Amino acid sequence: MALTGLLTKAIGLGLVFLVSRYILAYLQSPLKNIPGPLLAKFSNIWRFANHYGQNHIETQRKLHEQHGDVVRLGPNTVSVADASLIKTIYNTRGTFLKSDYYSVNDALQDGHIIQNIFSTRSNEFHSRGVKPVQKLYSLQNALQIESIMNDDLRTLCSQLESRFINGGNKGKTCDIADWISYFAWDFLGDMTWSKRIGFMEQGKDVGDMLGTAERVMRYFSVIGQIPALDKLLGKNPKWPRSLYKFDDFSVAAGFSVERFMERMQNPSLGEGKKDFLNGFLEAKKEFPELVTDNEVIGYMIINVLGGADTLAIVIKGIFYHLLKSPAAKARMVSELRAAHLAFPAPYTAIEHLSYLDACIKEGLRMHPVVGHIFERIVPASGLTLPSGDVLPPGTIVGVNPWVIHYQERIFGKEPHVFRPERWLQGEEEGKLEYEARIKKMKDADMAFGGGNRICLGRPLALVEVYKVVATVFGRYDPEDPSKEWDLHKQWFVWPHDIKVKLRVPDNA
Ligand code: HEM
């Protein structure tokens, strides 16, 4: 009896201690005047639950509508929706470092934590990693590998034609969302190692790589709200991995290692190839102090895991909005037809097509890949807000593209409507006025992140996006999906289930 009483008292005292700690932290917080949900001011559990429920995009939009440009998402986390702060937070010197959220993306190898160029919170590590390979991601190099893009586009079209257009399969419904993923993963494999993984040929998610990538990203999205949890789960060597693996990229990683070994054992496989593996091996020769075999394998994995789903999501977003906007689709298709494009569409023939360009920009605006705030840490100088208030050093701050891209004061009327015309000069709009409007929109464009950590693959990805959209819409007439797509909202906003009927128009 006495023992039970003692235990009850101990628990009671523990609870009082915990609650008073939270209350004290709340009262003493330098962020206490920043509006936001009450629970968010006490604990990160609120945002953990919000991301777990995949409600973060709608919630953050509502909070900004309700409270303005600065809202509190956690005891130490603030979301800002003021475009004038973007260049400060995401500056090219990288003074606002990535937060611990990104540590969840590190790998655990033989008990050691291994950072990569995406996950690292250190500018030194980042520069050392990027310097040897930066030139491979230039527009010039993207155009050098256009023949690889063309090969993969030919394979995509021949698969679509035999499975959904020709002979007995005529009129069969195609889930174009799946096929865009197959294409993107195969293309990333092809440009990295001159070998496709085989998604398109097999017409399925080989080795469950796509499913795994999405599951791992869900872990990143949710656990990243309380990164300390990752130390207990994914980064805990004692965690029984047979129960559940949190970083199960083993199939994609294994494929990279195999390709590397193959090239090492038989260098003639790489002769005359313009693939990234050759580029990484060159980088190893040029920067032996920075690039070892491990780095080469790491670069390959980042290429595929960083590039495939992002590319696929962007293309799916553009496809979906075009399919749902018949007038925009018709105008783009007539521009493509008038250009009499070769097959697959050559980049030099499409880069200046103004309506295609406007559709792609509008797709990237409406469906940016990342659905979270890009978390950064306020440096020692603090962050002065337009109101004059200062966010103290150490605060986690960020902009969510799904919030900023939908601001009427930046992107004009009806931001929820797919309207490529917003990127074109209006009939009654002067040149200077137009340029100023476009600059405002471009300055708020977060589709590829920003500052020193902006997407490395951006030039290459854009060339590929233009080519895929122009080739597929120039060749087929995909019919509007009858139902809404399915969006899985996590760190990435994954589109699923875009059912179309494909046909080759008579006048194509
Ligand atoms: C349209 C397709 C793509 C989109 C929308 C996209 C988007 C992004 C975004 C938003 C970031 C910044 C994330 C952050 O700050 O947390 C990023 C980083 C990165 N992306 Fe992409 N990406 C795309 C394609 C690619 C491709 C094809 C590659 C590689 C071949 C690639 C490689 C990378 C790398 C290495 C980083 C890390 C950069 C750094 O921290 O310095 N991306 N990407």
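Gln54 is found in the loop between α3 (45-52) and α4 (56-67). This is a predicted model. Gln54 has a positive phi of about 60°, yet this residue is not a glycine. Its side of the loop is neither buried nor fully open: because partly exposed covers the range between 20% and 50%, Gln54, at 23% relative accessibility, counts as partly exposed.

A second positive phi turns up further along the chain. His340 is not a glycine either, and its phi is near 45°. His340 is found in the loop between α16 and α17. At 70% relative accessibility, His340 counts as exposed, because the cut-off for that class is over 50%.

Stay in this loop. Leu341 is placed between α16 (326-338) and α17 (347-350). With a relative accessible area of 23%, Leu341 is partly exposed. Leaving aside neighbours within four places in sequence, Leu341 is in contact with Leu336, Ala349, Ile350 and Ala470. Gly474 lies 133 residues from Leu341 along the chain, but the C-alpha atoms of the two are separated by 7.9 Å. Pro344 also has its place in the loop between α16 and α17. The peptide bond from Phe343 to Pro344 is cis, with omega near -15°.

Now turn to the metal. Which protein atom is the donor to the iron of the ligand? The single protein donor is SG of Cys455, 2.3 Å away from the iron atom. Cys455 is found in the loop between α21 (431-443) and α22 (458-475).

Both of those helices also help to line a pocket. The second largest pocket has a volume of about 660 Å³. It is lined by 34 residues, and the closest to its centre are Lys442, Asp445, Phe448, Arg458 and Leu462. Two or more lining residues come from each of α5 (86-89), α18 (354-366), α21 and α22. The largest share, 6 residues, comes from α18. By type, the lining of this second largest pocket divides into 18 nonpolar, 7 polar and 9 charged residues.

Next, the interior. The largest nonpolar core has 139 residues. Trp185, Phe187 and Leu356 have the most contacts inside it. The largest share of this core, 17 residues, comes from α15. A second, separate core has 6 residues, among them Ala40, Trp46, Val71 and Leu73.

Trp185 deserves a look of its own. Its contacts, leaving aside neighbours within four places in sequence, are Ile197, Phe199, Met209, Leu210, Ala213, Val304, Leu305, Ala308 and Asp309. Trp185 also lines the largest cavity, together with Ala213, Met217, Phe249, Leu305, Asp309, Phe492 and Trp494. This cavity has a volume of about 50 Å³. At least two lining residues come from each of α11 (209-223) and α15 (293-323). How do the residues of this lining divide into nonpolar, polar and charged, and how many are there of each? There are 7 nonpolar residues, no polar ones and 1 charged.

In all, the count comes to 3 cavities of 30 Å³ or more. The second largest holds about 40 Å³ of space. Arg47, His51, Gln60, Leu73, Gln225, His372, Ile373 and Glu375 line this second largest cavity. Its lining divides into 2 nonpolar, 4 polar and 2 charged residues. Leu73 appears in this lining and belongs to the second core as well.

Definitions and conventions: Residues are numbered from 1 along each chain as its sequence is written. This is a predicted model: local features need pLDDT of at least 70, side-chain atom pairs count only at pLDDT 80 or more; totals for chains, interfaces and linings use all residues. Side-chain values use heavy atoms; hydrogens and water are left out. Donors are N, O and S atoms within 2.8 Å of the metal (3.2 Å for Na, K and Ca); water is not among the atoms, so sites may look incomplete. Helices (H or I, at least four residues) and strands (E, at least two) are DSSP runs, numbered from the N terminus. On a 1 Å grid over the protein atoms alone, a cavity is a set of points where a 1.4 Å probe fits but cannot get out, and a pocket is an open set with protein on both sides within 12 Å along at least five of seven lines; lining residues have an atom within 4 Å of a point. Grid points are joined across faces, edges and corners, and a volume is the space filled by probe spheres set on the points. Ala, Val, Leu, Ile, Met, Phe, Trp, Tyr, Cys and Pro count as nonpolar, Asp, Glu, Lys and Arg as charged, and the others, Gly among them, as polar. A nonpolar core is a set of buried Ala, Val, Leu, Ile, Met, Phe, Trp, Tyr and Cys residues joined through side-chain atoms within 4.5 Å. Buried means under 20% relative accessible area, exposed over 50%, partly exposed in between (1.4 Å probe, protein chains only). Contact means heavy atoms within 4.5 Å.
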